[in-house]
Amino acid sequence: MEGILTSMHAARLAVPRLGQGPRTLLTWLLLLSACIQAHSHRDVGLDLPHPFDFSYPAHLCGALRETYLSLNDRIRQACRDEAQATAAAQAAAAAAEAAAKSAAAAAAAAASSSTLMPPSPPLPPGASPAPPPPPPPFPPLPSPPPPPPPPSPASACRTISFDGSHEGFGDTVFGLASTFAIALLDERALVLRQDWLPLAFEPASFDWRVTPDIPQHPFIVIPTTNITSPDYNPFNPASSAPNPSNLPGLSAPVSSAPTPPQIPAIARVSLHNQWVDPEPFFSKLSGVAHLGLSWNRGVLFHLLARSNGSWGERLRAVGLTPPYAFSCVMRLLLRPKPEAWQLMRGMAEQLHWSPQQQQQQQQQQHQQRRSVAIGIHMRVADGEVWEHKSKLGTPKILNNSQVDHLLQQAQRVFDCAQAVERWWRPASLGVRWFFMCNSLQLKQAVQRKFPDKVVASPFIPRHVDHTRDANSTAPNHTGPPDWYQETVAEWLLLSSSDYFVVPLSGFSRSAVLYSMRPSVVFMPHKCAPDSPVPLSEMAETGCGV
């Protein structure tokens, strides 16, 4: 992308200095030809994943997969071994207890039978009575079964479970990526206990589902009140995070080697809307063998960008880089369920080409493509398009004047998309817009305004933060799976775009970074087609990256 921008700017800057004459004209034509050639092979690049290829791009992710799969296999095997040892100890204890109970019952029966013997015949005159028989031996008390050995800080079975729920889409996936980073760096097996993600995704490279060898709830909750401060900037390497010497609920300082019962074997930490410096904070919790974490902050970019700290160095040593780290992690963890893929097939064909032809298109991207896709995301204020959150995300029915008002708000978005289209679209290809927003009526109005250009889904927009079903018996009143699969289908379609005109919401940023095309992002409120939004600005906004 930088080379394309350089060639285009060189051509644009060279034109004012050109004079008259055939030699100058020839130079101008050569510059223009080079610019068009570079422009026609823009950031879509053959080295990037195909727009509908959701597999893991090993050539862009270093040794991440091999490193973590080896770690995960070792830890999971340790968990299975410990579960088997615990089960064997419990079985032996149960057998010993049963044997003791049986012996006690037999002794009690013998004692009872001796008390029921018929009376002895009367003694002859002058005879002394025989001494009474000795009392039956007192039955031994059954030994209590030994408790199952609790996981200790030295246990090889160490897990971290992502428990985040009731968060927006971006908060959820960025929190998941951060939890995976902690799993990799603190050497833990990742477990997913989050409520709606498994309804739309399935395991990709390894199984993160809860299995019988993973200890279950209850977790001991470690309070984290007031552990952060508004002065802490996680994106400023000089900013020190407010990590106290003692977390509430733990009596051991960071510098010591805590042992049970100071640190519980199974504990849960909630860092909702909280920033912490990951390395010192989670190092303090390294003695917790099974850690549950609810977190909605992205720290991958933060760790990779810092020059100090061993965790950042270890991530860089694995081969992760800021533009691709988030997508590498997500593609390592999650594969869209077939139901989500089926939901996007028809729109994908309109936006790019037929998904059935993807193998041929991987070889001939530009020769066979019908159009370039510009992904547009517009986030309307929740109060304008949804009922109150207590209504579980029920959309409002807008009248014509309200829809017209939203169209007026969207005009700046359309202007930016048209400017990006004029600047970047190769002349040999058409252009389509994928328009998504949190108002179905606005999507329909935009399709009527641009009937030959806009592709939009027919799905009712649902914010996963408060898309719940009051009648559901699922945990957290999770709604039907198709609610979340529709959201993921739209997210995947947005991520398949070649260029993005989006706000820096968590949903938009996660789609852009998942696409591995983070260098072609434009924001409507300061649209400059020749100046895409830098990755650092995306990472330093909202919930981070």
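Where is methionine 516 found? Before I answer, please keep in mind that what we have on the screen is a predicted model. Methionine 516 sits in the loop that runs between helix 17, residues 506-515, and strand 12, residues 521-522. Its backbone deserves a moment, since methionine 516 has a positive phi of about 65° although it is not a glycine. As background, most residues other than glycine have a negative phi. Methionine 516 also counts as buried, because its relative accessibility is 1% and the cut-off for buried is under 20%.

Let me set beside it a second residue with a positive phi, glutamate 187, which has a value of about 55° and is not a glycine either. Glutamate 187 is found in the loop between helix 4 and strand 2, the strand being residues 189-192. Here the relative accessibility is 41%, so glutamate 187 counts as partly exposed.

Coming back to methionine 516, one residue that touches it is serine 327, which also touches Leu513 and Tyr514, if we leave out residues up to four places away in sequence. Serine 327 lies in helix 9, residues 325-333, and it is buried, with a relative accessible area of 0%. Serine 327 and serine 510 are 183 residues apart in sequence, yet their C-alpha atoms are 8.5 Å apart in space.

What does phenylalanine 326 touch? Again not counting residues up to four places away in sequence, its contacts include Ser510, Leu513 and Tyr514, and among the others are Val173, Phe174 and Ala177. Phe326 is also, together with Leu64 and Phe282, one of the residues with the most contacts inside the largest nonpolar core, which has 132 residues.

Now to the helices, beginning with helix 4, residues 169-185, which packs against helix 8, residues 310-318, at an angle of about 95° and with the two axes 11 Å apart. That angle makes helix 4 roughly perpendicular to helix 8. On the helix 4 side the contact is made by Ile182, Leu184 and Leu185, and on the helix 8 side by Trp311, Arg314 and Leu315.

Finally, I would like to show you helix 14, residues 400-424, which has 25 residues and reaches 35 Å from its first C-alpha to its last, close to the 36 Å expected at 1.5 Å a residue. Where, then, does helix 14 bend? The bend is at alanine 410, and it amounts to about 40°.

Conventions:
Residues are numbered from 1 along each chain as its sequence is written. This is a predicted model: local features need pLDDT of at least 70, side-chain atom pairs count only at pLDDT 80 or more; totals for chains, interfaces and linings use all residues. Side-chain values use heavy atoms; hydrogens and water are left out. Helices (H or I, at least four residues) and strands (E, at least two) are DSSP runs, numbered from the N terminus. Buried means under 20% relative accessible area, exposed over 50%, partly exposed in between (1.4 Å probe, protein chains only). Contact means heavy atoms within 4.5 Å. A nonpolar core is a set of buried Ala, Val, Leu, Ile, Met, Phe, Trp, Tyr and Cys residues joined through side-chain atoms within 4.5 Å. The expected span of a helix is 1.5 Å times one less than its number of residues. The bend at a residue is the angle between axes fitted to the seven residues ending there and the seven starting there. Axes are lines fitted to C-alpha atoms, for helices over the stretch in contact, and angles run from 0 to 180 degrees between N-to-C directions. Angles under 35 degrees count as roughly parallel, over 145 as roughly antiparallel, 65 to 115 as roughly perpendicular and the rest as oblique.
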